[in-house]
Amino acid sequence: MTRQVRASAGNRPVLVVALVLTLVAGGFAAWQGRSWYAAAHDDSAAYAAQRDRALAAGEQAVQNLNTLDHRRVDQGLDLWETSTTGELHRQLVDGRKEFTSQVKTARTVTTARVLSGAVTELDDRAGRARLLVALRVTVTTPDSKSTEKDSRMLGELTRTDGQWKLSGLGQAPVGGTATG
């Protein structure tokens with residue numbers, strides 16, 4: 001009988017180590033599960049995803065509105081209209097005929113490339129955002145001469161039917177301005 005007691009006492013450190021390792025592994029699993037749950041239900045992750053969607057849509061819309069080929073004016077203006085909403089959209093629709101005539105007369109090809117962009121404001125609940133986009137616009141004339149111009153544009157976005165669309169666009173001020 002003393003032999004059995006000694007054998008059990010000899011196994012005790014192994015059992016204690018196994019029990020401790022099991023408790024540590026269980027605690028670690030619970031901690032990781034709680035961390036995963038918190039991350040999955042974190043509002044800042046959803047906000048960041050919405051900001052990224054607004055930025056991507058805004059950059060594409062600004063690029064669209066600065067790209068137009070006189071040989072495919074109707075396709076270009078259709079793209080402009082699908083990229084916009086609100087008052088900006090109405091202005092484009094109302095001025096389409098006159099603008100088409102001007103572009104066909106000038107026979108230019110304008111292409112834009114976004115250099116960088118950032119969302120400067122985002123109100124996810126109201127479905128509004130503002131962004132700043134730096135782009136390079138290349139204008140090619142009928143005699144195949146090209147000029148490039150870098151510009152910064154300020155845009156306003158409105159979410160309609162789950163999509164971000166440009167609702168306002170203008171030039172951003174460049175450099176310092178003198179105050180009187």
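This is a walk through the structure in your viewer, one selection at a time.

**Before you click**

You have a predicted model open, so local features are taken only at pLDDT of at least 70 and side-chain atom pairs only at pLDDT 80 or more, while totals for chains, interfaces and linings use all residues. Residues are numbered from 1 along each chain as its sequence is written, and side-chain values use heavy atoms, with hydrogens and water left out.

**Stop 1: the whole chain**

Show the protein chain as a cartoon. You should find 5 helices and 5 strands, where helices (H or I, at least four residues) and strands (E, at least two) are DSSP runs numbered from the N terminus. Going along the sequence, the pattern reads α-α-β-α-α-α-β-β-β-β. The radius of gyration is 30 Å, well over the 16 Å that the globule rule gives for 180 residues, so the chain is more spread out than a compact globule. That radius is taken over C-alpha atoms, and the globule rule is 2.2 Å times the number of residues to the power 0.38. Along the principal axes, the C-alpha atoms fill a box of roughly 110 × 40 × 35 Å.

Switch on a surface if you like: the chain exposes about 12500 Å², and carbon and sulfur atoms supply 55% of that (Shrake-Rupley method, 1.4 Å probe; for residues, only the protein chains shown count as cover). Of the 180 residues, 26% are buried. Buried means under 20% relative accessible area, exposed over 50%, and partly exposed in between (1.4 Å probe, protein chains only).

**Stop 2: the sheet**

Now select the strands. The 5 of them form an open sheet in the order β1-β2-β3-β4-β5, with antiparallel pairing. The edges are β1 (68-69) and β5 (163-171), each of which pairs on one side only. Two strands count as paired if DSSP finds at least two bridges between them.

Work across from β1:

- β1 and β2 are joined by 2 bridges; pick aspartate 69 and you will find valine 109 as its bridge partner in β2.
- β2 and β3 share 13 bridges, and leucine 122 has alanine 129 as its bridge partner in β3.
- β2 and β3 also make a hairpin with 4 residues between them; click glycine 127 in the turn, which has a positive phi of about 75 degrees.
- β4 (residues 146-160) and β5 run antiparallel, joined by 8 bridges. Leucine 154 stands opposite glycine 170 in β5.

Next, bring in helix α2 (residues 43-65). Which strands does helix α2 lie across? They are β2 (109-123), β3 (128-140), β4 and β5, and the helix runs at about 150 degrees to β2. For that angle, axes are lines fitted to C-alpha atoms, for helices over the stretch in contact, and angles run from 0 to 180 degrees between N-to-C directions.

**Stop 3: serine 83**

Select serine 83, in the loop between α3 and α4 (86-94). Is serine 83 buried or exposed? At 9% relative accessibility, serine 83 counts as buried. Leaving aside neighbours within four places in sequence, serine 83 is in contact with Ala61, Asn64, Leu65, Lys165 and Leu166. Contact here means heavy atoms within 4.5 Å.

**Stop 4: the charged pairs**

Time for sticks on the charged side chains. Side chains of opposite charge can pair when their charged atoms come close. A salt bridge is a side-chain nitrogen of Lys or Arg within 4 Å of a carboxyl oxygen of Asp or Glu, and by this rule the count is 11.

Go back to aspartate 69, from β1: its side chain meets that of arginine 71 in a salt bridge at 2.8 Å, N to O. Aspartate 69 counts as buried at 11% relative accessibility, while arginine 71 counts as exposed at 57%.

Then pick aspartate 74 and arginine 96, with their closest N and O atoms 3.5 Å apart. Aspartate 74 sits in helix α3 (residues 73-82) and arginine 96 in helix α5 (residues 96-106), so this salt bridge ties together parts that are 22 residues apart in sequence. Aspartate 74 is partly exposed at 43%, and arginine 96 is buried at 18%. Add Asp78 and Glu81 to the selection to see the network of salt bridges linking them with Asp74 and Arg96.

For a last click, try aspartate 52 and arginine 51, a salt bridge with its closest N and O atoms 3.3 Å apart. Aspartate 52 is partly exposed at 43% relative accessibility, and arginine 51 is partly exposed at 35%.
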